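Me: Please take a close look at the aromatic pairs in this model. I should then like the account to go on to the surroundings, with whatever else stands out.

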Amino acid sequence: MTQEIFLIYARAANGTIGKDGKLPWHLPADLKRFKALTLGKPMIMGRKTFESLPGILPGRRHIVLTRRESWDSDGAEVARSTKEALALARQENEDGPIAVVGGAAIYDVFRPLAHRIEVTEIHADFTGDTFMKPINAEWKVTAREDHPAAGDMPAYSFVTYRRHDEDAAQ
C-alpha cells in the first residue's frame, strides 16, 4: 500500500487562502480540525508558511521545502526537493499519512501525489494575495460537514476529497 499524502487548507469562495502571510479569517473550529488532522504526523510546508506560524506546532514534525541555500530554522527540517521532503517525512513514519500544509506553490507541487484533500470551504469571499484553484473533477467528495454562519463568522464546510481512482487502490 502506498503511504497516504494529504493536502489540508481552508479556502474562501473566491479562492483566497491567505493575505499578507496570514489567514484572512479566524475560525476556531478550522484551527481545531487542522490540529486534529495533523497531530502526530509529519507536515511538509514552504518557507513562507513556516515563517507565518506562531512557532513550532507541538506534536508534529515540520519539514520545510525551500530553495534558499542558507535558510535554516530551529525545530524545522530543511528539504531542497520534493523527493527529499518525502524521504524526511517517511523517516519514523513509514506507514502513517503525510500532511502537506501550504502554501499555494507547495500544494501545486504535491497535488499530483496526493491521495486526499481536506478543505475547509468558507462560504464567503475574502480579500487576499494567495489563491487556490478549485478542486477539479478528478476528485470526489467522500465526507462533508456543514456549519452555519454564527455572529461575524461565515458559514463553512469541512470537506474530504479523494481521487476517483483511489477506490480501486484501497
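**Aromatic pairs and their surroundings**

Reply: Y156 and F158 are both buried. These two residues belong to a wider set of ring contacts in this predicted model, in which the count of aromatic pairs comes to 3. One of them joins Y9 and Y107, whose ring centres are 4.9 Å apart; the planes stand at 50°, so the pair is classed as tilted. That class covers the range between stacked, under 30 degrees, and edge-to-face, over 60. Because Y9 belongs to strand β1 and Y107 to helix α4, the contact ties together parts that are 98 residues apart in sequence. Y9 has a relative accessibility of 6% and therefore counts as buried. Y107, with a relative accessible area of 3%, is buried as well. Returning to Y156 and F158, their ring centres lie 5.4 Å apart with the planes at 55°, so this pair is also tilted.

A further ring contact involves a charge: R116 lies over the face of F6, at a distance of 4.2 Å from the ring centre. F6 falls within β1 (5-12), and R116 opens β7 (116-122).

The largest pocket draws on several of these elements. Its volume is about 1,300 Å³. The elements that give two or more residues to its lining are the strands β1 (5-12), β2 (16-18), β3 (42-46), β6 (98-102) and β7 (116-122), together with the helices α1 (28-38), α2 (47-52) and α4 (104-110). Of these, α4, the helix that holds Y107, gives the most, with 5 residues. In total 45 residues line the pocket, and those nearest its centre are T49, S52, V101, G102 and G103. By residue class the lining divides into 21 nonpolar, 13 polar and 11 charged.

Two of the residues nearest the centre of the pocket, G102 and G103, share an unusual piece of backbone. The peptide bond that runs from G102 to G103 is cis, with omega near 0°. Most peptide bonds are trans. G103 itself lies in the loop between β6 and α4.

A second backbone feature concerns D20, whose phi is near 55°, a positive value in a residue other than glycine. Most residues other than glycine have a negative phi. D20 is found in the loop between β2 and α1, two elements that each give two or more residues to the pocket lining. With a relative accessible area of 59%, D20 is exposed.

The loop between β4 (61-65) and β5 (76-79) presents both a buried and an exposed residue. T66 lies in this loop and is buried, at a relative accessible area of 6%. A polar atom of the T66 side chain lies 3.1 Å from the backbone nitrogen of R68. G75 lies in the loop between β4 and β5 too, yet at 54% relative accessibility G75 counts as exposed. The C-alpha atom of G75 is separated by 6.5 Å from that of I56, a residue 19 positions away along the chain.

Notes: Residues are numbered from 1 along each chain as its sequence is written. This is a predicted model: local features need pLDDT of at least 70, side-chain atom pairs count only at pLDDT 80 or more; totals for chains, interfaces and linings use all residues. Side-chain values use heavy atoms; hydrogens and water are left out. On a 1 Å grid over the protein atoms alone, a cavity is a set of points where a 1.4 Å probe fits but cannot get out, and a pocket is an open set with protein on both sides within 12 Å along at least five of seven lines; lining residues have an atom within 4 Å of a point. Grid points are joined across faces, edges and corners, and a volume is the space filled by probe spheres set on the points. Helices (H or I, at least four residues) and strands (E, at least two) are DSSP runs, numbered from the N terminus. Ala, Val, Leu, Ile, Met, Phe, Trp, Tyr, Cys and Pro count as nonpolar, Asp, Glu, Lys and Arg as charged, and the others, Gly among them, as polar. Rings of Phe, Tyr and Trp (its six-membered ring) pair if their centres lie within 6.5 Å; planes under 30 degrees apart count as stacked, over 60 as edge-to-face and the rest as tilted. Buried means under 20% relative accessible area, exposed over 50%, partly exposed in between (1.4 Å probe, protein chains only). A charge sits over a ring if NZ of Lys or CZ of Arg is within 6 Å of the ring centre and within 35 degrees of the ring normal. A polar contact is a pair of N or O atoms within 3.5 Å; within protein, one must be able to donate a hydrogen and the other to accept it, and residues adjacent in sequence count only if both atoms are side-chain atoms.
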